Amino acid sequence: MFVAVEAIEHLARGARPPGIHWYQFAVIGVALVVDLSRTVVSLRVGRRYSSAALRANALHFAGDMAASLAVLIGLLAVRAGLNQGDSIAALLVAVLICAAAVRLIGENANVLMDRTPAEAREAAERAIARLGGDIELSRLRLRESAGRYFADVVVAVPPGQAVVEGHQSASRIEDAVESALPGADVVVHVEPRRRGLDLRDRILAIALSEPLVMEAHDITIIEQGDAVNVSLHLKFPADLDLKDAAQVADRVERAISERPGVATVQTHLEPLERPLGARPVDVSADMHAKREIERLVDERAAGRARRIRLLSTDAGRVVFLTLELKQNDSLTAAHRVASELEEELRQRVPGIADVVIRTEP
């Protein structure tokens, strides 16, 4: 401020120009060389270590160099016959000092207030967007400290994703952000998506939002004019009272029925299966059961039994069957064949507790 006031007074009074001597140019030349070297070194080290303090130091030295250059130009102008050249140069130096101060304040205030450059945030958002539509960015908090970025990311994924799938999505997000911002520390919170879901996904999200619902499956949507009828199976802990399970099912049904176009909702309550204990193998009985299974498969011309494995448990015999079907069969047709065969095996082979059929072309 003092330099600017003095320069304006000199211009207003038409003061005499300063005396010009050769050693003035020598001093300014040495100052320019020193300031240039300090600017370059501070800038390089600041970039290498991502230091805001060193970058600010480089900007300060660059301002000194610009001021020295302005003084040199002013002295040259006076020597060339422009008497007010020194005062004009002084005004220019004042402007440069103010500009450097404002920029220093702005940059360091951003660091102190944990503000991050817009380009860093945009790079992180682009990296997450490239992961696909199944991952929806809900919130991104990004701050810079000690040369590192710290990212707090909240994303929404389809409600039907298992814990393992959600963890995999979080790992992909961490890798994507770290690739865009090397060295970043990323924390990801995954939550079920609430927007852009079809009715089946919404039904699943409503059911799984109840802590006591362990699984929700066999969701059936029956269209009837402009309305739909919904049914689904809910699995609860095996030791849960029927009264408590029914109360949870009532809440699920009410929440689903509030969706537009839903006319009726019916739930089927099931206990979550407990681990079964295996029993010693009865070789003779297993051989007889395998022959009966092969005969039923051939009799129905449903395909070819590729593999049959039997396992005796406390609840009865479990049949694992791999069924080979035609190459051009659809998945729907294959499922129908497997369901019909499963029902017939339960009826005609004694002692069967469960049948698991894998269909292959």
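Is Asp354 buried, exposed or partly exposed, and at what relative accessibility? In this predicted model, Asp354 counts as partly exposed, its relative accessibility being 33%. Its place among the salt bridges of the chain is taken up below, after an outline of the overall architecture.

The protein chain contains 10 helices and nine strands. Of its 361 residues, 34% count as buried, and the chain exposes about 22,100 Å², of which carbon and sulfur atoms supply 56%. Among the contacts with a sequence separation of 6 or more, 60% are made by residues 24 or more positions apart.

Helix 9, which comprises the 18 residues 283-300, has end C-alpha atoms 26 Å apart, and this agrees with the 26 Å that the helix should span at 1.5 Å a residue. The buried residues of helix 9 are Asp286, Ala289, Glu292, Ile293, Leu296 and Val297. Viewed down the axis of helix 9, these buried residues fall within an arc of 135°, so they line one face of the helix. Such an arrangement can be read against the general geometry of the α-helix, in which there are 3.6 residues a turn, so that residues three or four places apart point the same way. The buried residues of helix 9 pack against strand 7 (304-313), strand 8 (316-324) and helix 10 (331-348), whereas Val283, Ser284, His288, Arg291 and Asp298, on the other side of helix 9, are exposed. Val283 also contributes, together with Val281 and Met287, to a nonpolar surface patch of about 300 Å². Within this patch, Val281 lies in the loop between strand 6 (262-271) and helix 9, and Val281 is exposed, with a relative accessible area of 61%.

Turning to charged side chains, the count of salt bridges comes to 14. One of these is formed by the side chains of Arg141 and Asp152, with a distance of 4.0 Å from N to O. Because Arg141 lies in strand 1 (residues 136-145) and Asp152 in strand 2 (residues 148-157), the pair ties together parts that are 11 residues apart in sequence. Asp152 is partly exposed, with a relative accessible area of 26%. A further salt bridge joins Glu215 and Lys235, whose closest N and O atoms are 3.9 Å apart. This pair links distant parts of the chain, Glu215 being in strand 4 (residues 215-224) and Lys235 in strand 5 (residues 227-236), 20 residues apart. The two partners fall into separate accessibility classes: Glu215 is partly exposed, with a relative accessible area of 34%, while Lys235 is buried, with a relative accessible area of 8%.

Asp354, with which this account opened, forms a salt bridge with Arg346, the closest N and O atoms being 3.1 Å apart. Arg346 is partly exposed at a relative accessible area of 33%, and Asp354 is likewise partly exposed, at 33% relative accessibility. In addition, salt bridges that share partners join Arg306, Arg307, Glu324, Arg358 and Glu360 into one network.

Two residues of strand 4 illustrate further local features. Asp218, found in strand 4, has a phi near 50°, a positive value in a residue other than glycine. For comparison, most residues other than glycine have a negative phi. Asp218 is partly exposed, with a relative accessible area of 47%. Ile219, also found in strand 4, is buried, with a relative accessible area of 13%. When its neighbours within four places in sequence are left aside, Ile219 is in contact with Arg200, Ile203, Leu204, Ser231 and Leu232. Of these partners, Ile203 is 16 residues from Ile219 in sequence and 8.1 Å from it in space, C-alpha to C-alpha.

In strand 9 (residues 352-360), the position of Thr359 was examined in a similar way. Thr359 is partly exposed, with a relative accessible area of 26%. Although Thr359 and Thr322 are 37 residues apart in sequence, their C-alpha atoms are 5.9 Å apart in space. Beyond its neighbours within four places in sequence, Thr359 is in contact with Leu323, Leu325, Ala334 and Ala338.

Conventions: Residues are numbered from 1 along each chain as its sequence is written. This is a predicted model: local features need pLDDT of at least 70, side-chain atom pairs count only at pLDDT 80 or more; totals for chains, interfaces and linings use all residues. Side-chain values use heavy atoms; hydrogens and water are left out. Helices (H or I, at least four residues) and strands (E, at least two) are DSSP runs, numbered from the N terminus. The expected span of a helix is 1.5 Å times one less than its number of residues. Buried means under 20% relative accessible area, exposed over 50%, partly exposed in between (1.4 Å probe, protein chains only). The arc is that of the directions from the helix axis to the C-beta atoms. Contact means heavy atoms within 4.5 Å. Accessible areas come from the Shrake-Rupley method with a 1.4 Å probe; for residues, only the protein chains shown count as cover. Patches are made of residues with over 30% relative accessible area and no salt bridge: like charges are joined within 9 Å, nonpolar side chains (Val, Leu, Ile, Met, Phe, Trp, Tyr) within 5 Å.
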